[in-house]
Amino acid sequence: MYAERATVSGRSRRPGATRLAGLGLGAVALLTLLTGCDVGSAFGGFGWPQEGITPTAHRMYDLWIGSTVAALIVGFITWGLIFWCIIRYRKRGEELPPQTRYNIPMETIYTATPFLVIAVLFYYTAIVQADVERTSKNPDVVVEVVAFKWNWQFNYRDGMGVEARTVASTLGDSDYIPVLVVPTHKKIRFEETSKDVIHSFWVPELLFKRDVFPGPLRNVFEATVEREGAYVGRCAELCGTYHSMMNFEMRAVSADRYAQFLDAMRAGRSTPEALTAIGEAPYATKTTPFETKRQLKERKAAQ
Ligand SMILES: [Cu+2]
């Protein structure tokens with residue numbers, strides 16, 4: 001049957017299947033080659049934020065670049081085949097072209113290939129996700145993140161879990177942006193809890209956010225910050241009227257200066273004083289307090 005049809009169409013199907021398989025192999029080789037060099041930065045990260053400051057952020061970036069390059073390769077092959085078919089098999093006369101169907105090798109290939117693509121994407125996604133989610137048994141620093149309408153409190157803890165004690169604390173206010181100080185190159189465990197509704201702790205440069213729940217469930221995640229600096233933090237869960245004003249700042253400093261900061265806090269200094277003591281700007285530099293309704297009213301009354 002098959003041989004008959006192949007003769008009718010005047011060409012054998014086998015070389016076509018081999019060619020397609022070869023093309024697939026070539027694509028895989030090309031993918032390996034392209035992800036090997038930094039195609040991401042050449043194309044602006046294909047829309048992915050490139051300023052990640054954690055090892056996991058870099059791994060997520062690599063996953064995105066790999067997936068995008070793979071998608072583009074599949075796209076180019078598909079577009080190529082479409083245009084090739086349009087040109088190669090365009091109408092040449094009134095004669096009906098050979099009517100063929102059930103090309104088993106071809107059908108096997110286009111069933112197996114998408115499955116292979118999905119399997120590879122799933123494999124790498126699962127690995128990177130597990131890496132991002134991983135928490136260690138012995139973090140270097142534990143910070144309790146307390147969210148409330150509409151600000152943050154950061155408690156520096158002496159251990160993990162609810163039983164641990166708070167050794168120092170920073171509380172945000174409508175006219176004070178809380179600054180969370182963390183050491184670089186250390187495993188930082190964030191333990192989250194909310195006083196009222198669901199909020200979400202988000203520092204864009206971590207390329208990660210996690211919901212902050214009220215009640216007994218403490219959401220936890222871990223991050224290692226590689227670069228010193230000031231990073232704006234936000235609430236990423238619509239939590240009420242002043243949700244958009246629920247900003248904070250994460251200040252990453254060297255491990256030594258972090259220890260000095262914590263010592264100053266333990267000695268009873270305020271957060272701005274302790275920040276000044278380690279040569280840092282006392283107040284948030286990446287965001288400012290927003291004008292509250294009360295301040296607006298006071299200003300109007302004064303006019
Ligand atoms: Cu919120």
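**Entry 1: the long helix**

I'm working with a predicted model, so I kept that in mind from the start. I began with line-ups in the UniProt record: its unreviewed entry lists residues 20-43, 63-87 and 108-127 under "transmembrane region". I checked two of those spans in the model. Residues 63-87 are 100% helix and 0% strand, with 36 Å between the end C-alpha atoms. Residues 108-127 also come out as 100% helix and 0% strand, and here the end C-alpha atoms lie 28 Å apart.

Then I looked up helix 4, which covers residues 55-88. I counted 34 residues in helix 4, and from first C-alpha to last it reaches 49 Å. At 1.5 Å a residue I'd expect 50 Å, so the helix comes close to that. Which residues of helix 4 are buried? I found Thr56, Ala57, Met60, Tyr61, Ile65, Gly66, Val69 and Ala70.

**Entry 2: the nonpolar core**

Next I went for the largest nonpolar core, which has 45 residues. Its members with the most contacts to other members are Val145, Ala147, Leu180, Val181, Val182, Leu206 and Phe261. Which element gives the most to this core? I found that helix 4 does, with six residues. Where does the core sit relative to the domains? Both domain 1 (2-133) and domain 2 (141-302) give residues to it, so the core lies between them. A note to self from class: in soluble globular proteins, nonpolar side chains tend to be buried together.

**Entry 3: the sheet with strand 5 in it**

I traced an open sheet of five strands, in the order 3-2-1-5-8, with mixed pairing. Its edges are strand 3 (166-171) and strand 8 (219-224), and each of these pairs on one side only. On average, neighbouring strands here are turned by 25° against each other, ignoring direction.

I walked across the pairs. Strand 2 (residues 151-157) runs antiparallel to strand 3, and five bridges join them. One spot I clicked on was Tyr156, whose bridge partner in strand 3 is Ala168. Strand 1 (residues 141-148) and strand 5 run parallel, with seven bridges between them. There I found Val145 opposite Glu192 of strand 5. Val145 had already turned up among the best-connected members of the core. On to strand 8: six bridges tie it to strand 5, and the two run antiparallel. Lys187 has Thr224 of strand 8 as its bridge partner.

Is strand 5 (residues 187-194) mostly buried or exposed? Seven of its eight residues are buried, so the rest of the structure largely encloses strand 5.

**Entry 4: the other sheet**

I found another open sheet of five strands, with the order 4-10-9-6-7 and mixed pairing again. Why does one side of strand 4 and of strand 7 have no neighbour in the sheet? These two strands stand at the edges with a single partner strand each, so one side of each is left free. From one strand to the next the twist averages 25°.

Strand 6 (199-203) got a closer look. Four of its five residues are buried, so I wrote "mostly covered" next to strand 6. Five bridges join strand 6 to strand 7 (208-212) in antiparallel fashion. Ser200 stands opposite Asp211, and Val203 stands opposite Phe208. Strand 6 also pairs with strand 9 (residues 229-235), antiparallel, over two bridges. In that pairing, Trp202 faces Arg234.

**Entry 5: odd backbone spots**

Strand 6 and strand 7 make a hairpin with four residues between them. Leu207 sits in that turn, and its phi is positive, about 55°, although Leu207 is not a glycine. Why does Leu207 count as buried? It has 23 C-beta neighbours inside 10 Å, and the cut-off for buried is 20 or more.

His185 is another non-glycine residue with a positive phi, near 55°. I located His185 in the loop between strand 4 (179-183) and strand 5. With 13 C-beta neighbours inside 10 Å, His185 counts as partly exposed.

Last thing I looked up: which residues does a cis peptide bond join? Lys149 and Trp150, with omega at about -5°. Trp150 belongs to the loop between strand 1 and strand 2.

How values were computed. Residues are numbered from 1 along each chain as its sequence is written. This is a predicted model: local features need pLDDT of at least 70, side-chain atom pairs count only at pLDDT 80 or more; totals for chains, interfaces and linings use all residues. Two strands pair if DSSP finds at least two bridges between them. Axes are lines fitted to C-alpha atoms, for helices over the stretch in contact, and angles run from 0 to 180 degrees between N-to-C directions. A residue is buried if 20 or more other C-beta atoms lie within 10 Å of its own, exposed if 12 or fewer, and partly exposed in between; C-beta atoms are placed from the backbone. UniProt positions are given in the numbering used here, feature names are shortened, and annotations may be inferred rather than shown by experiment. The expected span of a helix is 1.5 Å times one less than its number of residues. A nonpolar core is a set of buried Ala, Val, Leu, Ile, Met, Phe, Trp, Tyr and Cys residues joined through C-beta atoms within 7 Å. Domain bounds come from an automatic or database domain assignment.
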